[in-house]
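Student: I've got a new structure on my screen and would like to know how the labels get earned. Can we go through them together?

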Amino acid sequence: MINLWALAAEAEEAGDPPNPVIPTENEIVWAAIFFILLWALMKYVLLPPIMKAMENRSSTIQSGKDAADAATAALGSARRSHEATLAEARADASTILAGARAAADERRAVLQAEADTEIAEMRRSAQAEIDQARADALTGMRGDVSSLAVGAAEIVLGRSVDAGSQQSVIDQALAAD
Amino acid sequence: MNLLGAVKFPPIENVIEWPAWLFEDSTYFAFNKIAFIHFLGLMIPVAIFVLGARGSGLVPRGFRTVSEGIVNFVDTQIAIPGIGQDRKPYLPLLVSFFLFIFIGNITEVIPFFQMPANARMAGPLVLAIIAWGMFIAVGVRQNGLAYFKEVLFPPGVPKALYVLVTPIELLSTFFVRPFSHAVRLFANMLAGHILLITFGVLCISVWSASGLILIQLGTFPGLVAFTAFEVGVSLIQAFVFTILAAVYIGGALHPAH
Amino acid sequence: MSVLAQIAQEASDLQNIEAAGGAGMAYGLAAIGPGIGIGYLVGQAVQAMARQPESAGQVQTTMFLGIAFTEALALIGFVVFILLKFV
C-alpha cells in the first residue's frame, strides 16, 4: 500500500510553506541595524539635551519653590512681629486705661468723701440752728405763757398771783406737752 | 474549510510575508516592508527628538512637549517602577525600546502599512536578545561573577532544594526569558493582525455577497471595534515589553531582592 | 497517476483537518488557564485600586506585569496553534 502520509508530506514540500514563527535573516539584520542605531543616537545625541533641559527646569522650579517657601517664612515672621507689636500696644493701652480708671475712681472717692463731710457739716449746723431756734422759742413762749397765765389767774382770782410761785406749775404743764 | 461559502481566508504567507523592495537577491539585506517599518521606527523618534531639541526655554511647546512627554512617561511609569532610583543610565535603552516597538506595532492599523512589524519574529527576537544581553551585562558589571551565584543559588533556600531550584533558575533566567520576552510581543501582534484580517475578509465577503446585509451590521462594527482595540494593544505591548526589560535590568542591579 | 495525486490530495486534506482540529484544541486548552488567571488578577487589582485609590498607579503597573506573565501561556498556546495549523 502507498504511504499516504509520505505522499502528503511530498505534496506539501512542493508548495514549500513558510514557517511564520521562524525569523528571516534579512529582517533580523535590518531590525538589529536600525534598533542599535536608534539606541546609540538616543544615548549620545537625542536624549542628553532633553534630559538636561528637564533637569534645568526642575531645578529652576525647585529654586523658585524654595524662594517661595523662604518668602512665605519671611511673611510669617513679619506677621508674627507685627502681631507681637500690636499685642504690646494693646497691652499698653489697657494698662493706661486701667491707670486712668483707677485715678478717676480715686478722685471720685475723694470728691465723694469731701461732699459727704460737707453735707454732714451743713446738716449739723442746720440742726444746731434749728435747736437754737427751738430753745429760743421755748424760752420766749415760757415767759409769755407764764405772764399770760398769771394775768388770767389775777383776773379770775382778783388778786395778784405770785408769778414766782406759779412758775413751777407752768413748767410742768409745758413739759407735759 | 469554507463554512461560509464565499469566505476564503488568504494563506498565512500572503498576509505576513512581504516581497523585497531593494537588494532582492541578498539573503541578509533584502529590504522589504518590515525593514521599512523598522526604518521608520528609527527615523520617527529621531525626527521627534531633533525637532524637540530646538525649542528651549522654560515652557515646552510643540515637538518639545511630545519628546519630553515620552521621556517623562518612560521615566515615571516604566523606569522608576522597574529599576528604581539608579535608572538614569538605562533610560535611553528603555525610551528606544518603547518608541521602536510602538511604531512597529501601530503600523498594524495605519493604512498602506496594515502590518505590524513585530508580527514577524525577527524584530522582537532582536530586541529581546538585546535586553537579555543588557541585563546579564548589568548584573556582571554590578556584582561580578557573584551575580550568577546570586541568581542560581538564591540565598534563603534550603541547601537540599538547590537540586530543584538551580536548574529551574538557570533555564528560566538565562534561556527561556529572552524567548518568552520575544514571543509575548510577537504572538500578541500576530494574533491581532490575524484577527483584523479575519474581520476584514469577513466584511469583504459579506459585502460582495449581497443579501447578507444583516450580517454586515455585525461584522463591520466588529472590525472597527477591533481596530480600536488593536491601537490599545499596540500601546500596552510596547509598555509591557519595555517594563519587562526594566524589571530584568532592575533584578540584575539588585539581585538580592 | 491522477488517481495517485487525488489520493495524495485527500491525504493532505485529512492531515490538514487533523492539524486544524489539533490546533484549535491546543489553543482552546491553552486559553482556559490564563483566562481564569487574568480575570482573577484584574479583579484583585481593581479591588486594590478601589481600596487605595492613591496607589492606583503602582497597582496598575504591577497589574500589567502580572498580565504579561500570565498571558505568556496563552500566547505560547497561540504559537503552537500557528505551528500546527500552518507548518
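Student: How do you know how far to trust chain A?

Tutor: This is a predicted model, so start with pLDDT, the predictor's confidence in each residue on a scale from 0 to 100. Chain A averages 84, and 84% of the residues score at least 70.

Student: Where is confidence lowest in chain A, and where is it highest?

Tutor: Helix α1 of chain A (residues 4-15) sits at the bottom with a mean of 50, while helix α2 (residues 25-157) tops the chain at 90. Where pLDDT is low, don't read the predicted coordinates in detail.

Student: What makes the pattern of chain A α-α-α?

Tutor: Chain A has 3 helices and 0 strands, so reading along the sequence gives α-α-α.

Student: How much of chain A counts as buried?

Tutor: Buried takes 20 or more other C-beta atoms within 10 Å of a residue's own. Of the 177 residues in chain A, 7% make that grade. Over in chain C, helix α1 has buried residues too: C:Ala8, C:Ala26 and C:Pro34.

Student: Why is the span of α1 in chain C called close to the expected one?

Tutor: The expected span is 1.5 Å times one less than the number of residues. Helix α1(C), residues 2-51, has 50 residues, which sets the expectation at 74 Å; first C-alpha to last, the helix reaches 72 Å, so "close" is fair.

Student: And where is the kink in α1(C)?

Tutor: At C:Ile32, shortly before the proline C:Pro34. The axes fitted to the seven residues ending at C:Ile32 and the seven starting there make an angle of about 25 degrees, so that angle is the bend.

Student: Which residues touch the most other members of the largest nonpolar core?

Tutor: That core has 75 residues, and B:Leu94, B:Phe97, B:Phe98, B:Ile101, B:Phe186, B:Ala245 and B:Ile249 touch the most other members. Among the elements giving two or more residues to this core are α2 of chain A and α2 (56-86) of chain C.

Student: What is B:Ile101 in contact with, beyond its sequence neighbours?

Tutor: Leaving aside neighbours within four places, B:Ile101 is in contact with B:Asn118, B:Leu127, B:Leu185, B:Ala238 and B:Phe241. Each of those pairs counts because their C-beta atoms lie within 7 Å.

Student: How many residues does each chain bring where A meets B?

Tutor: Chain B brings 39 and chain A 31. On the chain B side, α2(B) gives the largest share, 11 residues. By class, that side has 27 nonpolar, 8 polar and 4 charged residues.

Key. Residues numbered from 1 in each chain as written. Chains lettered and ligands numbered in written order. Predicted model: local features only at pLDDT ≥ 70, side-chain atom pairs only at ≥ 80, totals over all residues. Helix = DSSP H or I, 4+ residues; strand = E, 2+ residues; numbered from the N terminus. Buried ≥ 20, exposed ≤ 12 C-beta atoms within 10 Å, placed from the backbone. Contact = placed C-beta atoms within 7 Å. Nonpolar A, V, L, I, M, F, W, Y, C, P; charged D, E, K, R; others polar. Core = buried A, V, L, I, M, F, W, Y, C linked by C-beta atoms within 7 Å.
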